[in-house]
Amino acid sequence: MKAVKYSKANYLLVALMSIALCSASYAGQEFTSMQMQGVELVDVQVDVDAAAKRLSKAVQFPTISNQDRNDFDVKAFEGYHQFLEEAYPNVHKTLKREKLGKPRAYSLLYTWTGKDPSLPPAVFMAHQDVVPIAEESRDQWKQEPFSGAIADGYIWGRGVLDDKNQIHAILEAAEMKIKEGFQPERTIYFVFGHDEEVGGPEGARHVADVLEKRGIKQIAFVIDESAPLIPGVFPGIKENSALIGIAQKGYMSLELSVNGEGGHSSQPPEHSNIGILAAAITKLENAQFPYRINKAVRYQYRFMGPELAKDKQPMYEAVAFGDDDKTTELEQKFIEEMAADQVTRAMLHTTIAVTMFNAGIKDNVLPPSATAVVNFRIAPSDSKESVIAHVKKAINDDRVEVRDISASTPPTNIADPHGQGYKMLEKTIRQTWGNDLIVSPFFVIGGSDSKHFQARPFAPNVYTITGIQLESTAEFAGFHGVNERILVDEYGRSIVFFYQLMSNLEDL
Ligand SMILES: [Zn+2]
């Protein structure tokens, strides 16, 4: 057994970042660094080789979520559930495990009853499903994507970064804790969804319904996946950083359709169904949602701002302490900078993405209908209703029908980065990875299963981070891409992170 002891940050010698201590003030508030100082690394022993073998085995179950839900692989999920029972005997002896979901019950809810079950519980989330391998990319993989190969210091395969690493790091940590006789103060739930990659309508959403029906009024703390620790993960930050998602956008897909008479192409009308629909889409794309700095972005720059370029401090300060009712010149400058980059621009407004367009079957037949699908990621200032109203107004054409075809979700609550949950999480990050990294809240432009919790009043404080250190953005390309891999030793550190988080929950 190779027991790896995680007591000093020997993995990546990240250049010591310069913490810009800025002393300007804004309406009495100081724009100083928010980075927690002087947290000591914990000393935890992990049998990382044995843990890596279990994660390797997990990868070998192809728990794929295809867009076509008829392709659901029952055998892969059942095999995986069976394996979990064998791999983590103490967890399965001590915690209650339920299989939930509607209509398919392949999500797992584990209940680890606390010493004081009257305390608001904590929820640890991750997902079992993985995205498929694009056929044309298969030969670019250095290891078979479902082999779970352990080679060159890495564990390879689809799901090792998204998101079986989190499931297994949580279970490894719980197994260690139980062996040590630990029982949490508050009840901890593990929620492992089975359809996150298609939005979680069957799994996480149903589990949230179940917990709500069981009378849980308030969840103290939720953790779920998001960005891994990685230097350069966010535009403008070169240093190693741990970003904690505090809010997620809403999600909706609208089908636009034009139904009218088809007919022979020798006697066409002036405007065909395709022409009418194309014009509607052009009008919609020309009516982009206005840019706004939302509260999650203000929080983000309150924490991130003091660590960024010195010459931009006044701008970040204006954003951090700004007021939603008026936009100052500095904020306007910020909006222009953000809008120049595709990633940061999405943080400023509800996005419009035309993703599908269908009409016609033959060159000399006018199609009787034309349809398109537009996907929206809804900003906190909008709602499903306000987006539909915006679309109808922009198109302004009664011939175009608008229909919501998605398992839509509203924009979520914004978790408090000044609250105990955030502080506890930052402390745990620093106990695991040290002090030479920037920790900051951020606004998530994508979303994960936890949005089904975070959009409800019972879960105001959902924090999202993938607790694994990557070496570079090249490794990050494995996320939904080719050569998905994580370092074995870094996986050991992920286990330490969750192990420590379970102890620190007592701080809440
Ligand atoms: Zn994921």
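Axes are lines fitted to C-alpha atoms, and angles run from 0 to 180 degrees between N-to-C directions. The views below show a predicted model.

**Figure 1. Helix H6 lies across strands of a four-stranded sheet.** Helix H6 comprises residues 273-285 and lies across strand E13 (250-259), E15, E17 and E18. Relative to E17, H6 runs at about 15 degrees.

**Figure 2. The open sheet beneath this view has the strand order E15-E17-E13-E18.** The pairing of its four strands is antiparallel. Strand E15 (351-359) and strand E18 (400-404) form the edges, and each of them pairs on one side only. Direction ignored, neighbouring strands of the sheet are turned by 20 degrees against each other on average. Strand E17 (residues 369-378) is joined to E15 by eight bridges, and the two run antiparallel. Among the paired residues, Ala353 has Asn375 of E17 as its bridge partner.

**Figure 3. Helices H1 and H15 cross in a roughly perpendicular arrangement.** The axes of H1 (residues 48-59) and H15 (residues 488-504) come within 9 Å and cross at roughly 95 degrees. Because angles of 65 to 115 degrees count as roughly perpendicular, the two helices are described in that way. Helix H1 contributes Val48, Ala51, Ala52 and Leu55 to the contact, while H15 contributes Val488, Asp489, Tyr491, Gly492 and Ile495. By class, these comprise seven nonpolar residues, one polar and one charged.

**Figure 4. Three strands form an open sheet in the order E8-E9-E21.** The pairing is antiparallel. Strand E8 (150-151) and strand E21 (485-487) each have a single partner strand, so one side of each is left without a neighbour in the sheet. Three bridges connect E21 to strand E9 (residues 154-156) in the antiparallel sense. Trp156 has Arg485 of E21 as its bridge partner.

**Figure 5. Tyr491 belongs to the largest nonpolar core.** This core holds 110 residues, of which Ile170, Val222, Ile244, Tyr463 and Tyr491 touch the most other members. Helix H15 supplies the largest share of the core, nine residues. Residues up to four places away in sequence not counted, Tyr491 touches Val48, Ala51, Ala52 and Leu55, together with Ile155, Asn165, Ile468 and Ile486. The first four of these neighbours also take part in the contact that H1 makes with H15.

**Figure 6. A second nonpolar core is separate from the largest one.** This core has 19 residues, including Ala280, Val374, Phe376 and Val391. Helix H6, residues 273-285, spans the position of Ala280, and strand E17, residues 369-378, spans those of Val374 and Phe376.

Note on methods: Residues are numbered from 1 along each chain as its sequence is written. This is a predicted model: local features need pLDDT of at least 70, side-chain atom pairs count only at pLDDT 80 or more; totals for chains, interfaces and linings use all residues. Angles under 35 degrees count as roughly parallel, over 145 as roughly antiparallel, 65 to 115 as roughly perpendicular and the rest as oblique. Two residues are in contact if their C-beta atoms, placed from the backbone, lie within 7 Å. Ala, Val, Leu, Ile, Met, Phe, Trp, Tyr, Cys and Pro count as nonpolar, Asp, Glu, Lys and Arg as charged, and the others, Gly among them, as polar. Two strands pair if DSSP finds at least two bridges between them. A nonpolar core is a set of buried Ala, Val, Leu, Ile, Met, Phe, Trp, Tyr and Cys residues joined through C-beta atoms within 7 Å. A residue is buried if 20 or more other C-beta atoms lie within 10 Å of its own, exposed if 12 or fewer, and partly exposed in between; C-beta atoms are placed from the backbone.
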